[in-house]
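Biologist: Before any terms are applied, may the model be shown, so that each description can be set against its definition?

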Amino acid sequence: MAPNISAISAQLKQIVHYHLDNLSYDNALFFAERLNTHERRSSESIYLLALCHFRLGDHQSAYETSKGAAYRGNDVSCSYIFAQCCLSLGRYKDGIVALEKSRGLWSGKSSQGKHSATSRALHPDTASATCLLGKLYRAYDDKKKAIGNFEEALKSNPFMWDAFTALCDMGVSVRTANIFKPNDTFVESLSADQPGGILSEQKEGSGVNSTEHQLKKASLRSGMYDTVADPFDVQRPAAGNAMLPSTSLASGENDFMVKINAARNRMAFHESGFESVETPIPNHNDSNIPRISYPLEPPQAPARRTRNAQPIDSGLMDIPSKMGYRAGVKKPHRFQDRAHDDHLSESNPTLLKPSTAGMSGVERKRTVSGHPVQPRQQPEEPGAPQRRSARINMSRAANTKANTGAPTAGNSRELKRAKPPVSRIVRPNSSGTTVGRAVSGNRKPLEENSMDVDQAEVPRLKETYAPPPLSKGVDLEFVKIEETLKYILELLKKFGSGYSALSQYRCADALAFYTSLPPAHQDTPWVLSQMGRAYYEQAEYAEAEKYYKRLRDRAPTRLEDMEVYSTILWFLKRETDLSFLAHELVDLSWHSPQAWCALGNAWSLAREHEQALRCFKRATQLDPKFAYAFTLQGHEHVANEEYEKALTAYRQAISADRRHYNAYYGIGRVYERLGNYDKAYIHFHSASVINPTNAVLICCIGNVLEKQRQLVQALQYFTKATELAPHAAQTRYKKARALLALNQLGEAQRELEILKTLAPDEATVHFLLGRLYKSLGDKGSSVRHFTIALNLDPKASQQIKEAIESLEDDDSFDDSMMA
C-alpha cells in the first residue's frame with residue numbers, strides 16, 4: 001500500500017531540515033521543491049522553500065515564493081522571511097505591511113531560552129519581529145516608528161544587540177544602564193510558554209498574596225525545587241513536576257531576583273541545621289506543596305501534640321478522590337527508602353491534604369480494641385503478628401508504593417499493625433495480604449508498605465538511607481544562573497556604554513569604557529576597531545594606527561572599518577603601507593567596497609585623482625548605501641576643483657547616512673571656497689551638531705566668521721577648538737591671530753609662546769611673533785623672528801622683507817603672510 005500524502009510530507013520536511021542544519025542549501029532547495037509539490041497550500045512548505053532561496057542568496061525568488069502567504073498574514077514565518085527579503089531588495093513598504101498584518105501572531109511571544117544545540121523555536125518572537133520592523137522603518141525613513149520598534153525589541157530581549165547599535169547610529173540618546181538589565185518584560189518573557197524553565201512557575205501562583213508567598217518560599221524544603229531547570233538548556237529534564245507558586249510579575253517587584261534571594265534563604269536554613277528536625281512545623285497554608293518524608297527515627301508519641309496543634313485553613317485544601325481516601329483522614333508517616341525517593345522524583349502522585357480535624361494534636365493511633373497506643377520502648381510487643389524483616393520491607397517498598405495515590409505525610413508515627421485482606425479492586429496489583437485495616441470505628445487506610453519494622457533496626461536504616469541534599473544543589477544552580485546573567489549583562493553594559501559614547505563622538509569616554517573590559521575582550525577585533533576609531537576621531541592618527549595594526553594581526557581577513565584604516569595611513573603619508581593594504585584587500589575580496597576605498601586612497605595619496613575617482617565610484621556601485629565612499633569621491637572632485645560634482649557626491653553621502661558629518665563638512669568647504677559664507681556656516685554648524693567634539697569643525701566655523709569680520713564670535717569658536725584639541729597647532733595659531741587682530745596682545749603672546757613649542761619650525765608662527773613684537777615695540781625680537789621666518793620659508797621672502805622694512809612705519813596690521 002502506498003504511503004499517504006501526510007507521511008510523505010513529514011519525511012520530506014525532515015530531509016529539508018537535515019540539509020539546512022548541515023548547510024547543504026542546494027540539497028535543501030531540491031527537497032523543498034518536492035515538499036512544495038506535495039503541499040502547495042501549506043504555509044510551512046512555502047516557508048521552507050523561501051528559506052532555502054534566502055539562504056542561497058536568491059532574495060528575489062524568496063520574495064516571490066513567500067509573497068502570497070505573507071500578504072495573507074496567517075503565517076508568521078512566511079511574513080518574517082518575506083520582510084527579510086524586502087529589506088534586502090529595498091521594498092521596505094511591502095515588508096512593513098506584511099509584518100504589521102501578522103502582528104497578532106508574534107506579538108507577546110518570546111523564544112528566549114528555547115534555543116540550544118539540539119532545539120530551535122519554530123517561529124520568530126516579538127524581539128526579532130520588532131527589530132526587523134525597526135530596520136524596515138529606518139530604511140523607509142520613518143525615524144519615529146523605527147525608534148519605537150527598536151525600543152520594544154530591547155524591552156523584550158536586552159540581548160538584541162543590533163537594535164541597540166541601530167538606536168546609537170540614529171543618534172538616539174540611550175541610557176545603557178536601563179537597557180542591559182533584567183526588566184519586567186524580559187523576566188516575563190523567560191517564563192512564558194517555557195515549562196520547566198527558570199521562571200515558569202511565576203505564572204502559576206499569580207493570585208497568591210505577595211507577602212504570604214515570600215514567607216512560603218523561604219520555608220520550602222529542598223524537594224520543592226526539583227523541577228527548576230536552566231533557561232538556557234530546555235532539554236535538561238526536570239527532577240520532578242512540582243511547580244513553585246509565585247506572585248504575579250505585576251506586583252511591582254522583580255520576581256526573578258526574589259526567587260534568587262529565596263533560594264539563598266533556604267540555603268541558610270539548611271546550613272543552620274534545619275534539615276535535622278524530624279517533624280517540621282507546618283508554617284504555611286499552601287496545600288499544593290509536596291512533602292518528602294525521610295527515614296528519621298520517630299520521637300516519643302506525646303511530642304506530636306505541640307507540633308500539630310497549628311491548624312491549616314480548610315479553604316486551601318485540595319482533597320484527592322484517588323483510592324477512596326476520605327477528607328479529614330490523616331495518613332500515617334512511614335519510613336522511606338531509596339527506592340521510594342527515586343520513585344517520587346520521577347512521578348507526580350496526587351498529594352493527600354490533612355484537614356483541620358485530622359491535624360488535631362490529641363489524635364493517636366489505636367489498637368484493635370480501640371484503646372490509645374502507648375509509646376513503646378521495646379522493639380517487640382506481645383500479640384503482634386510475626387514481624388517481617390527490614391530487608392523484605394525494603395524490597396517491597398518500591399513496588400507497593402507505585403500503587404498508592406499519594407506520598408506519605410511527614411509527621412506521623414510508626415506502629416505495627418495487623419494486615420487484614422482487602423479487595424483487589426482497591427489495589428489491583430496487591431497480593432491481598434498486607435494492607436491497612438479499620439480500627440475502632442476510625443477507618444484509616446494505611447500505606448501498602450506499612451509492614452512492621454523492628455525498632456532495633458531503625459537506626460541502621462537511618463544510617464543507610466540518609467536524606468539526599470537536593471536543595472543545596474538546586475539553590476547553587478539558581479545562584480549560578482543569577483551570576484551568569486549578571487555577568488553577561490554587566491559585560492554588555494560596558495560594550496554598550498562604549499558604543500553609545502563613540503556614536504555621540506565622546507571619544508575619551510568610549511576609550512575609558514573599552515579599557516575597563518576584561519583583557520581578553522579588549523584584544524578582540526571588534527574592540528580593537530572601536531578603539532582605533534575613537535583615536536581616529538580625535539585626530540590621533542599615530543595611536544589609531546597601532547590598534548588597526550594589531551587588528552590586522554588578529555584578523556587579517558576582516559574587511560569592516562578598513563576604509564578608516566586606509567584614511568589613517570593617508571593622513572600619516574604612509575604611501576607604501578597604504579598601497580600594500582589596498583592590494584591585500586583587493587586580493588582578499590574583489591567585491592568589497594572597503595577594498596576599493598583603500599585602493600582609491602592609495603591613488604589619492606599618489607595624487608592620481610582620476611584613478612582614485614574610479615575606485616570610489618566602484619565602491620558606491622558595490623554598496624549604494626556606503627556613505628564614506630561618496631564622501632571620498634567628493635574630496636577628489638574638490639581636489640580637481642569640480643565643485644558641482646563634489647556637491648552631488650556629498651549630497652549622495654547624506655542621503656545614504658543622515659548622520660555622516662564628513663559630508664556636511666565637505667559641502668561647507670565647497671561653499672567656503674565659492675565665497676558663500678552663509679551656506680558654509682550652515683553646513684559646518686550642522687556637522688558640529690552631529691560631532692560636537694571635533695575641533696576641526698569648530699575651527700571651520702570660526703574661519704567663516706573671521707572672513708565675515710565677526711572676530712569676537714570667531715575667537716569664541718577658536719577658543720573652544722583649542723580646549724578640545726590643546727595640541728593642535730593650526731587651531732592655536734588661528735586663535736592667536738584673532739587675539740592679535742583684536743589687540744589682545746598679552747593673551748596673544750601666551751598663545752604664540754605655546755605655539756612656538758608645538759611647531760618650532762613653522763615659518764608662519766615666527767612671522768606672527770614678529771608682528772606681535774612690532775606691536776609691543778620690541779624691534780629686536782621682531783627682527784629676529786622675521787629673520788627666522790625668512791630662513792624657514794624663502795618663498796615668502798617678499799612679504800617678510802616688506803614687514804622688516806616697515807618696522808619704523810605705523811602701517812595697519814597686515815596678515816598676508818598668515819592667511
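**Helix crossing and cores**

Modeller: In this predicted model, helices α6 and α8 cross in a left-handed manner.

Biologist: Which residues of α6 and α8 make the contact?

Modeller: On α6 they are Tyr92, Gly95, Ile96, Leu99 and Glu100, and on α8 they are Ala129, Leu132, Leu133, Leu136, Tyr137 and Ala139.

Biologist: Why are α6 and α8 called roughly antiparallel?

Modeller: Helix α6 (residues 92–101) and helix α8 (residues 126–139) pack at an angle of about 150 degrees, and their axes lie 9 Å apart. Angles over 145 degrees count as roughly antiparallel. The pair α6 and α8 is therefore described as roughly antiparallel.

Biologist: What makes Phe150 and Phe164 notable in the largest nonpolar core?

Modeller: That core has 78 residues, and Phe150 and Phe164 touch the most other members.

Biologist: Which residues are in contact with phenylalanine 164, leaving aside its neighbours within four places in sequence?

Modeller: They are Leu154, Val174, Thr176, Ile179, Phe180, Gly496, Tyr499 and Ser500. Contact here requires heavy atoms within 4.5 Å. There is also a second, separate core of 46 residues, with Tyr650, Tyr661, Val670 and Ala721 among them.

Biologist: What share of the residues of the protein chain count as buried?

Modeller: Of its 819 residues, 48% count as buried, a term for relative accessible area under 20%. The accessible surface of the protein chain is about 39,800 Å², with 51% belonging to carbon and sulfur atoms.

Biologist: How many helices and strands does the protein chain have?

Modeller: The protein chain has 38 helices and 2 strands.

Key: Residues numbered from 1 in each chain as written. Predicted model: local features only at pLDDT ≥ 70, side-chain atom pairs only at ≥ 80, totals over all residues. Heavy atoms only, no water. Core = buried A, V, L, I, M, F, W, Y, C linked by side-chain atoms within 4.5 Å. Buried < 20%, exposed > 50% of the residue type's maximum accessible area, 1.4 Å probe, protein only. Helix = DSSP H or I, 4+ residues; strand = E, 2+ residues; numbered from the N terminus. Areas by Shrake-Rupley, 256 points an atom, 1.4 Å probe, with all protein chains shown as cover. Axes fitted to C-alpha atoms, helices over the stretch in contact; angles between N-to-C directions. Parallel < 35°, antiparallel > 145°, perpendicular 65-115°, else oblique. Left-handed = near helix turned anticlockwise from the far one by under 90°.
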